[in-house]
Number of protein chains: 2
Amino acid sequence: MTKPVVLTGDRTTGPLHIGHYAGSLRNRLRFQDSHEQFLLLADMQALTDNAHDPDKVRHSLIEVTLDYLAVGIDPAKTTICLQSHLPALAELSMLYLNFVTVARLERNPTIKDEIRSRGFGRDIPAGFLCYPAAQAADITAFKATVVPVGEDQAPLIEQTNEIVRRINATAGRTLLPEAQAVIPPVGRLPGVDGKAKMSKSTGNAIALSASPDEIAAAVKAMFTDPQHLRVEDPGQVEGNVVFTYLDAFDEDRATLEHLKAQYRRGGLGDSKIKRRLEDILQALIAPIRERRAQLAKEPAYVLDVIRNGTAKARSRTEATKRDVVEGLGLFVL
Amino acid sequence: MTKPVVLTGDRTTGPLHIGHYAGSLRNRLRFQDSHEQFLLLADMQALTDNAHDPDKVRHSLIEVTLDYLAVGIDPAKTTICLQSHLPALAELSMLYLNFVTVARLERNPTIKDEIRSRGFGRDIPAGFLCYPAAQAADITAFKATVVPVGEDQAPLIEQTNEIVRRINATAGRTLLPEAQAVIPPVGRLPGVDGKAKMSKSTGNAIALSASPDEIAAAVKAMFTDPQHLRVEDPGQVEGNVVFTYLDAFDEDRATLEHLKAQYRRGGLGDSKIKRRLEDILQALIAPIRERRAQLAKEPAYVLDVIRNGTAKARSRTEATKRDVVEGLGLFVL
């Protein structure tokens, strides 16, 4: 019985932070045993809105790999591979672009939102508009049937499956499986400032390599309930960043529920819940930071992980490309 | 002194006709000695508006190669290669899509015209909108500096050069040369029915494999000047399909000018100019048809030509891809 294939990955635009940990890295540790897992270092996708800064994309790729290994991704169980070094992904992307209309790409809600949030207007790079086809290539090249995505990314999987159905219909048989979007239990973690998106560039993230002082400072600066001025005042738990983080990281659910009730009633100070969160984050990040620092001293090993994973991914993705090309009745020399 | 590189090719959507001969094949015979010439069998580009019919694309590829060899393209001098088997072209295409905006692609006059003439509207396949970037990949992957194109295709070369300039600017040095569009002396030949576009599908073309009877019938059916009813009437030379073809194929220019003057004055019958044209076309096509029939009996040889050309093209295009990737500062494993 072969394990189902799960594909995820990250755009290589900077080191990962605890938002990535809560939302995806944690789940990937679980998938390592139950699934055949591929992690794609998406350097080509990173270029779709960073073409002006290839240096950042290049540097980040090693950072992200260090993050993977530091949290416990095991290269013996999970294949870490580099998108730009898998030509079949580009070849399938170019092929799939013929099976999707411009109008359909423009209707994609994820693309629409991102065009708006990045302020592209009509000057959107063509690569950005086309990335749903590239993502379909990534997913199908590995014949992944399980694709963990954020809630806002689910339309991209629907787009992938539309392309899959068109390819299969043209071939007259099932060349490619449809994929299922799996929305992780913990959604996107807000930044320490309460802003919806945690990101290194806005300085509201806690990196997986954060020092004890950085963690302490981040928790200290964290937003709580602005109306909760005195310890005895009743406080809001919803939208309170500290509780949102506790929800994501506190494994003692019973105590957490108890604290929430107390905070709501009044009589629980922000300093106490922050202390609790800080302890949890320090305990979570300390071993990651240490492993990461250790791994950073072994660049040859890290490169080998990428190299071996990419070699394995190459034979997998080349095989799929051959299936598709032959299945569609295209010429094979 | 290395020879300049010239790149042309054909979408593999059907066998070639004398319109291709007049407008491009003939020039390619000349380029064989003066230039390093690559001919691209553009099967991936053919798919941009034939994704529903991969069989046609596959069959046509051999037909087009037979046409090349039959007219005298010499594989020892010209490299015939297969687009779908050159992964670097897809990889560069995906990269270049990040260096061009959707708005810019939509403004491209060639794309605009073709969208209109094919009746795509908003349901244009994304691959079709993106093909200027793919064409830029084709041209630059060979570092071609000379690109013979029809007049209506010149904007595509301008688009290529814009991408080249952006790549070079991002790299901070000249990674890729700009290309020059060369408009062949003979423009697009009309169909035998006088319609602007000669194409097999509308039945107004003379194939390079046409039989003597087919040639005779096509010339017989050819439009002349509808006002030229009697031999002694003055006739129009401009827009007269027979004279347009004579302009393209009659090498005895002095006699042709003499005949034009006589036709304009009156006293030259359509049957005489048609006879002259038929003789010229029969003489032109006979050896091509014979060589083509001979080559069609040697499929292994034809495949070898494509295989060897593609292998040579692969190392050339891979080298360029490496130059671009390294030059931009992207990661190389």
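The following exchange concerns a predicted model with two chains, A and B.

Colleague: Which rotation superposes chain A on chain B?

Modeller: The superposition leaves an RMSD of 0.0 Å and involves 0.0 Å of shift along the axis, which is the relation of a two-fold axis. The same surface serves both copies, since 100% of the contact residues of chain A recur in chain B. The rotation is 180°.

Colleague: Which residues have the most contacts inside the largest nonpolar core?

Modeller: That core has 109 residues. B:Leu95, leaving aside its neighbours within four places in sequence, is in contact with A:Met44 and A:Leu47 as well as with B:Val324, B:Leu328 and B:Leu330. Those with the most contacts inside the core are A:Tyr96, B:Leu95 and B:Tyr96.

Colleague: Is A:Cys81 buried or exposed?

Modeller: The cut-off for buried is under 20% relative accessible area. Because A:Cys81 has 0% relative accessibility, it counts as buried.

Colleague: Which residues of helix H6 (residues 109-118) of chain A are buried?

Modeller: The face of H6(A) turned away from the buried side carries the exposed residues A:Arg116 and A:Ser117, while the cover over the buried residues includes helices H5 (102-107), H7 (126-129), H8 (131-141) and H9 (154-171) of chain A. The buried residues are A:Thr110, A:Ile111, A:Glu114 and A:Ile115, and they lie on the same side of H6(A) because they cover an arc of only 130°.

Colleague: What caps the N-terminal end of H6(A)?

Modeller: A side-chain oxygen lies 2.9 Å from the backbone nitrogen of A:Thr110. The residue that supplies this oxygen, and so caps the helix, is A:Asn108.

Definitions and conventions. Residues are numbered from 1 along each chain as its sequence is written. Chains are lettered from A and ligands numbered from 1 in the order in which they are written. This is a predicted model: local features need pLDDT of at least 70, side-chain atom pairs count only at pLDDT 80 or more; totals for chains, interfaces and linings use all residues. Side-chain values use heavy atoms; hydrogens and water are left out. A nonpolar core is a set of buried Ala, Val, Leu, Ile, Met, Phe, Trp, Tyr and Cys residues joined through side-chain atoms within 4.5 Å. Buried means under 20% relative accessible area, exposed over 50%, partly exposed in between (1.4 Å probe, protein chains only). Contact means heavy atoms within 4.5 Å. Copies are superposed by least squares on the C-alpha atoms of residues with pLDDT of at least 70 in both. Helices (H or I, at least four residues) and strands (E, at least two) are DSSP runs, numbered from the N terminus. The arc is that of the directions from the helix axis to the C-beta atoms. A polar contact is a pair of N or O atoms within 3.5 Å; within protein, one must be able to donate a hydrogen and the other to accept it, and residues adjacent in sequence count only if both atoms are side-chain atoms.
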